[in-house]
Amino acid sequence: MSGCRVFIGRLSPHARERDVEKFFKGYGRIKEINLKNGFGFVEFEDHRDADDAVYELNGKELCSERVTIEHARNRRGRGRFGGGRFPTRFSYRQPHGSGSSRYGPPLRTEYRIIVENLSSRVSWQKPDI
């Protein structure tokens, strides 16, 4: 039987593979750990182990960050730039040899923007560029 992938969101940039391994210890045999900048994936051999991990570990702290643990979506539509979850226009490629990104993923802050005095003919949902 094939394994089941689990998505780790809000992952600390300081988290290492061994930290993730310890975090999921006791939830079954892990096939693969794949860490990205701010998120990652863990693949279990048994889907029931993945179910248990999602149920019990979602919202727990890993490396001083409260992480989200969810079942990963299918690996469909992966194009040349990684694709998958976001359309191509949001994808980017890092230059070769640049190492990890200097900045992490975007974070929600308390700052907001207020736009006033727009024409009634303007749509904020779809700007014409």
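# Close-ups of a predicted fold

**View 1. Strand 1, covered on both faces.** On one side of strand 1 sit Cys-4, Val-6 and Ile-8, on the other Arg-5, Phe-7 and Gly-9, and all of these are buried. That makes strand 1 mostly covered, with six of its six residues buried. Keep in mind that what you're looking at is a predicted model. Cys-4 has a relative accessibility of 18%, and since buried means under 20%, Cys-4 counts as buried.

**View 2. The four-stranded sheet.** Here's the sheet that strand 1 belongs to: it is open, has four strands in the order 2-3-1-6, and pairs them in the antiparallel sense. Strand 2 (30-35) and strand 6 are the edge strands; each has a single partner strand, so one side of each is left without a neighbour in the sheet. On average, and ignoring direction, neighbouring strands are turned by 20 degrees against each other. As a reminder, strands of a sheet pair through backbone hydrogen bonds, either parallel or antiparallel.

**View 3. Strand 1 meets strand 3.** Six bridges tie strand 1 and strand 3 together in an antiparallel pair. To find your way along the pair, look for Cys-4 facing Phe-44 of strand 3, and for Gly-9 facing Phe-39 of strand 3. Strand 3 is mostly covered too, with five of its six residues buried.

**View 4. Strand 1 meets strand 6, with helix 2 on the sheet.** Turning to the other partner of strand 1, we find four bridges joining strand 1 and strand 6, again antiparallel. Val-6 sits opposite His-71 of strand 6, and Ile-8 sits opposite Ile-69 of strand 6. Helix 2 packs on the sheet, where it touches strand 1, strand 3 and strand 6, and the direction of helix 2 makes about 150 degrees with that of strand 6.

**View 5. The two sides of helix 2.** Which residues of helix 2 (residues 47-57) are buried? They are Asp-49, Ala-50, Ala-53, Val-54 and Leu-57. Look down the helix axis and these buried residues fall within an arc of 135 degrees, so they line one face of helix 2. The face turned away from that buried side carries Arg-48 and Tyr-55, which are exposed. As for what the buried residues of helix 2 pack against, the partners are strand 1 (4-9), helix 1 (17-23), strand 3 (39-44) and strand 6 (68-71). Just past the end of helix 2 comes Gly-59, with a positive phi of about 90 degrees.

**View 6. The hairpin of strand 2 and strand 3.** Strand 2 and strand 3 form a hairpin with three residues between them, and in the turn Gly-38 takes a positive phi of about 95 degrees. The two strands pair in the antiparallel sense over five bridges. Within the pair, Glu-32 stands opposite Glu-43 of strand 3.

**View 7. Glu-21 and Ile-33.** Glu-21 belongs to helix 1. Is Glu-21 buried or partly exposed? Its relative accessible area is 45%, and since partly exposed runs between 20% and 50%, Glu-21 counts as partly exposed. The C-alpha atoms of Glu-21 and Ile-33 are 8.0 Å apart, while the two residues are twelve positions apart along the chain.

**View 8. The cysteines and disulfides.** How many disulfides does a search of the whole structure find? Zero. Cys-63 has a relative accessibility of 32%, so it counts as partly exposed, whereas Cys-4, at 18%, counts as buried.

**View 9. Stepping back to the whole protein.** The protein has two helices and six strands, and along the sequence they follow the pattern β-α-β-β-α-β-β-β. Of its 129 residues, 25% are buried. Among contacts with a separation of 6 or more, 59% involve residues 24 or more positions apart. The accessible surface comes to about 11,100 Å², and 48% of that belongs to carbon and sulfur atoms.

Notes. Residues are numbered from 1 along each chain as its sequence is written. This is a predicted model: local features need pLDDT of at least 70, side-chain atom pairs count only at pLDDT 80 or more; totals for chains, interfaces and linings use all residues. Side-chain values use heavy atoms; hydrogens and water are left out. A disulfide is a pair of cysteine sulfur atoms within 2.5 Å. Buried means under 20% relative accessible area, exposed over 50%, partly exposed in between (1.4 Å probe, protein chains only). The arc is that of the directions from the helix axis to the C-beta atoms. Contact means heavy atoms within 4.5 Å. Two strands pair if DSSP finds at least two bridges between them. Axes are lines fitted to C-alpha atoms, for helices over the stretch in contact, and angles run from 0 to 180 degrees between N-to-C directions. Accessible areas come from the Shrake-Rupley method with a 1.4 Å probe; for residues, only the protein chains shown count as cover.
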